[in-house]
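Me: Could you take a close look at the empty space in this model for me? I'd like to know what lines it and which parts of the fold stand around it.

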Amino acid sequence: MNKNNLKLETAIFAGGCFWCTEAVFQRLNGVEEVVSGYTGGTIKNPAYREIATGRTGHAEGVKITFDASRISYKELLEIFFATHDPTTLNRQGNDVGTQYRSEIFYTTEEQKELAEDFIKLLEKEEVFDSPIVTAISAEKPFYLAEEDHHNYYNQHRKQPYCQIIIDPKIKKLNNYFSKKLKHGTL
């Protein structure tokens, strides 16, 4: 595909540990880049050690650059909600704290409306047994995580955290969204 024909947009999601979220979205056809970082907090240029305390207000998140002519924001929302638990406040599995919250940081008013409508649909259809607690907020400064957090799953697949926590998300992605995956990704 000619790079000049790309319709690049940005999505920012916090869905618990950014290693998990990054691994999921890296595999999607139409996603050009996924970077892990921190957003939604009160201090500039936070470090992981500060985020881990939960006192900065930042969430672990990912900034996704995607080609909207190949994958829509609504499809990204569908995958976001299918690959994390949007019903647990400040928690994803054993990861507990405000830094692991479920939050969408919209970059346009259209994204805000799509996210609100999608959550309403999920609630109407009673997709989850508990209420959705995912917050929807305007984009805030996004600070890149330290280099050792980038591409974590792909570089550390044999680590227990990756096998126990991330592998099931990737398996779910492969089972339910196989047609949206880049060729050659697992």
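**Pockets, cavity and their surroundings**

Reply: Let's start with the largest pocket, which has a volume of about 460 Å³. Bear in mind that this is a predicted model. The lining of that pocket takes in 26 residues, and those nearest the centre are Ala82, Thr83, His84, Asp85 and Lys172. Sorted by class, the lining comes to 14 nonpolar, seven polar and five charged residues. As for the elements behind it, helix 3, helix 4 (109-124) and helix 6 (160-176) each bring at least two residues to the lining. Helix 6 is the top contributor to this pocket, with six residues.

Next comes the second largest pocket, with about 160 Å³ of space. Its lining is made up of Lys7, Glu9, Thr10, Ala68, Ser72, Tyr73, Lys74, Thr107, Thr108, Glu110, Gln111 and Leu114. Strand 1, helix 3 and helix 4 are the elements that give two or more residues here. Helix 4 gives the most, with three residues. The class split for this lining is three nonpolar, five polar and four charged.

Then there's the enclosed space. Searching the whole structure turns up one cavity of 30 Å³ or more, and the largest cavity holds about 60 Å³. Around the largest cavity you'll find Gly15, Cys20, Thr21, Val24, Phe25, Phe80, Thr83, His84 and Lys169. By class that's four nonpolar, four polar and one charged. Two of these names should look familiar: Thr83 and His84 line the cavity and are also among the residues nearest the centre of the largest pocket. Helix 1 gives the most to the cavity lining, with four residues.

That makes helix 1 worth following. Helix 1 packs against helix 6 at an angle of about 35°, and their axes are 10 Å apart. The crossing of helix 1 past helix 6 is right-handed. On the helix 1 side the contact uses Trp19, Cys20, Ala23 and Val24, while helix 6 puts in Tyr161, Ile165, Ile166, Lys169, Ile170 and Leu173. In this contact, nine residues are nonpolar, none is polar and one is charged. Cys20, Val24 and Lys169 belong to this contact, and these three also turn up in the cavity lining.

Now for the sheet under these helices. Helix 1 (residues 18-26) lies across strand 1 (8-15), strand 2 and strand 3 (59-67), and runs at about 170° to strand 2. Helix 3 (residues 73-82) packs on the sheet too, touching strand 1, strand 2, strand 3 and strand 6 (102-106), and its direction makes about 15° with that of strand 1.

The sheet itself is open, with six strands in the order 7-6-1-3-2-8 and mixed pairing. Strand 7 (135-138) and strand 8 (142-144) are at the edges with a single partner strand each, so one side of each has no neighbour in the sheet. From one strand to the next, the twist averages 35°. At the strand 8 edge, strand 2 (residues 31-39) pairs with strand 8 in the antiparallel sense over three bridges. Tyr143 in strand 8 is the bridge partner of Tyr38.

How values were computed. Residues numbered from 1 in each chain as written. Predicted model: local features only at pLDDT ≥ 70, side-chain atom pairs only at ≥ 80, totals over all residues. Heavy atoms only, no water. Pairing = 2+ DSSP bridges. Axes fitted to C-alpha atoms, helices over the stretch in contact; angles between N-to-C directions. Contact = heavy atoms within 4.5 Å. 1 Å grid on protein atoms, 1.4 Å probe; cavity = no way out; pocket = protein on both sides within 12 Å on 5 of 7 lines; lining within 4 Å. Points joined across faces, edges and corners; volume = space filled by probe spheres on them. Nonpolar A, V, L, I, M, F, W, Y, C, P; charged D, E, K, R; others polar. Left-handed = near helix turned anticlockwise from the far one by under 90°.
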